[in-house]
Amino acid sequence: MGKYAIIIGAGPAGLTAAYELLKRTNIKPIVLEMSDKIGGISRTEVYKGNRIDIGGHRFFSKSDVVMKWWQNILPIQGSPASDELNIKDGILKMSITKKLSFGGPNPEITDEVMLIRNRVSRIFFLRKFFNYPISINWETLSSLGFFKVLRIGFTYLQIRLFPIKKITTLEQFFISRFGKELYETFFKDYTEKVWGVPCSKIDASWGAQRIKKLSISSTIHHVLKSIFYKNKSIEQKNIETSLIEQFMYPKLGPGQMWETVARIIEDGDGKIILNAEVINLNIKDNNITDVVYIDGLTKSNIILKADYFFSTMPVKHLIRSFGNNAPVSVKNVSEGLKYRDFITVGLLLNKLLIKDNNKIVSDNWIYIQENDVKIGRMQIFNNWSPYLVLDKNNVWIGLEYFCNVDDELWIKKDNEFIDFAIDELESLNIIDKADVIDSTIIKVPKAYPAYFGTYSQFETIRKFTDKFQNLFLIGRNGMHKYNNQDHSMLTAITAVDNIINGVKTKENIWGINIEESYHEKK
C-alpha cells in the first residue's frame, strides 16, 4: 500500500514538506490543518476584493534552494506591473527594465507571477521619519540633535572599548551591537511593545537569530560600499538581509504562493484535510504510530496511521497530544512556553496625510516607534503589490498590534478596536478619520513564539521529541523558533533530505538559522 506521511499544519513548512515528499519520494503526504485556510500566518486574507498580507512577507532568502523553489512555483515578471507603467523618469524607467526577467509573464495579463518590489522601511519617531535600518546621514543627525548624536557615538565607542563579557539577554545583545544610547532611542521601546516584556527578560538568542550581523559598523560599511557599487541582482549576495534593496512578491500576496503549492499537492497524490484538529499522538517504542484528529464538520474522532510524522503545530499543543506518554518535566516546560498574539486592522482610505513628493509614501511598512500609541507597525499594501487593492485610487493599509489573548487589546469588541486604531493613527497625523472608507479586523493567536517563559529550558522538550525517529518538528511554531518562511521551508526540506538519506539525527534541522547570515526584524 506504500508509505504515508502525516503533516500537521498547512503553513509554509507543512506544505513544503508535502511538496518535497511528492516530488522526491514515493511517500504520500496527508496534511491536517486545524483551520479552514491554507498558508498559516503567510496566508492572504481577502476583504471585499482587497487583500491583506498578515505581518508582511518579503520573499527573499540567502538560500539559493529557496529562491529557486519560489521561482519554480511563480516565475518572475517579464513586464512592468500596473504601478510601473507610464513612468516618465528615465532613470527609474531604466531600473524597472533591468529587473525584468526575459520571457517572464506579464502581471497585467496573468496572475501566476512573482513581482520584484523595492524594499522601503522607515521608522516613525518624534513625529518624523527615520530610515530603517538607521542611516548615518544629515537628515538623521539633524532630526536627533547634536547632543543626542554625540551620546550615541560616545556610548557606541564605550561598548566597543569595554564589551559585555557574557551576553545573555536581548538588552545586552542590542547594547553590544549599537551602544546604550542608540538602543534606548530606537530599539528598547519598540521591542518591548512587540513582546510585552522588558528586553532584559528576553533571551539573547532572539537577537542572534533575527538580527545576525547587523550593527553600526556593518551599516556604515554598506553605505560606503553602495556609493561605488550597486548590487541589482535579486539574490543580493553578501548583503545583510536588513539592508537588501529589493525582494520578490507574489502578485496577489503571500497566500497565493501557498494556495498554488496546495493545488499542486492535491493534483498529485497528496491530500489536504481542513478543519482537522490533532488531539492525540500514539507511540510504540521510539516511533509515532498514528494520530487522532477531530473532524471539524462531523465532530468525530478520526485515526490515521502513517510511517512518518511532521509537526508544525505549536510545541505546547504537540506535547499535550502525547498525553501521559510525555514526562512531567517535559509537560512543565511545554506549558511554560509563551507566545505573542497579533491583530491587524485593515483600513481603506481616500488618502494618507503623509506623502513623499506629493505622492503616496513608498514604504512597504513603517515601524511606529512612538510610545504614546499601541500600534507597532503600519503596512501600505499598495506598495507591496498594486494588485492587492481593488480600486487603485484608494489607499489600503494594515495597522499591526502585538498583544496577548487575554489582555485589554484582544478582548475589545471588533468595532471598538477599529475605532481605537483609527483614533491612534489620527493622533499621529497620519490619517484624517474622515478619509476612512471601510475597515476590517483579523486576529491571529500564537503568531510569534516568545524567547522568555520557560524557553531557556527548551532543550528538555527537544530531547524528548528527538528520540522519536519518525517525528520531525519543523517550522516556526513547530520548533518554537522565530523563523521567517524561508527558514521554515528549509527545516522541511532538510527533514525530507534526512528521510531520503537515512539520516537519524535531527541536529541539521535544529541547526538551520543558527549561524547563517540572515534576517530583517526590528
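User: Which residue in β21 is the bridge partner of Ser-311?

Analyst: Good place to start! This is a predicted model, and in it Ser-311 has Leu-473 as its bridge partner in β21. That pair belongs to a longer contact: β13 and β21 run parallel and are joined by 3 bridges.

User: In what order do the strands of this sheet come?

Analyst: Read across the sheet, one neighbour at a time. Here 5 strands make an open sheet, ordered β9-β2-β1-β13-β21, with parallel pairing. At the edges are β9 (271-273) and β21 (471-473); each has a single partner strand, so one side of each lacks a neighbour in the sheet. From one strand to the next, the twist averages 15°.

User: Which strands does β1 pair with?

Analyst: Follow the bridges on either side. With β2 (residues 28-32), β1 shares 5 bridges in a parallel arrangement, and Ala-5 sits opposite Pro-29 there. Between these two strands the chain passes through helix α1 (residues 12-24), giving a right-handed β-α-β crossover. With β13 (residues 308-311), β1 has 4 bridges, also parallel; Ile-6 is matched with Phe-309.

User: Why is β1 described as largely enclosed?

Analyst: Check how much of each residue is accessible: under 20% counts as buried. In β1 (residues 4-8), 4 of the 5 residues are buried, so the rest of the structure largely encloses this strand.

User: And is Phe-146 buried or exposed?

Analyst: Use the other cut-off: over 50% counts as exposed. Phe-146 is exposed because its relative accessible area is 61%. Phe-146 lies in helix α5 (residues 146-161), and together with Phe-147 and Leu-150 it forms a nonpolar surface patch of about 390 Å² accessible area.

Key: Residues are numbered from 1 along each chain as its sequence is written. This is a predicted model: local features need pLDDT of at least 70, side-chain atom pairs count only at pLDDT 80 or more; totals for chains, interfaces and linings use all residues. Side-chain values use heavy atoms; hydrogens and water are left out. Patches are made of residues with over 30% relative accessible area and no salt bridge: like charges are joined within 9 Å, nonpolar side chains (Val, Leu, Ile, Met, Phe, Trp, Tyr) within 5 Å. Accessible areas come from the Shrake-Rupley method with a 1.4 Å probe; for residues, only the protein chains shown count as cover. A salt bridge is a side-chain nitrogen of Lys or Arg within 4 Å of a carboxyl oxygen of Asp or Glu. Buried means under 20% relative accessible area, exposed over 50%, partly exposed in between (1.4 Å probe, protein chains only). Two strands pair if DSSP finds at least two bridges between them. A crossover is right-handed if, with the strands pointing away from the viewer, the path from the first strand over the helix to the second runs clockwise. Axes are lines fitted to C-alpha atoms, for helices over the stretch in contact, and angles run from 0 to 180 degrees between N-to-C directions.
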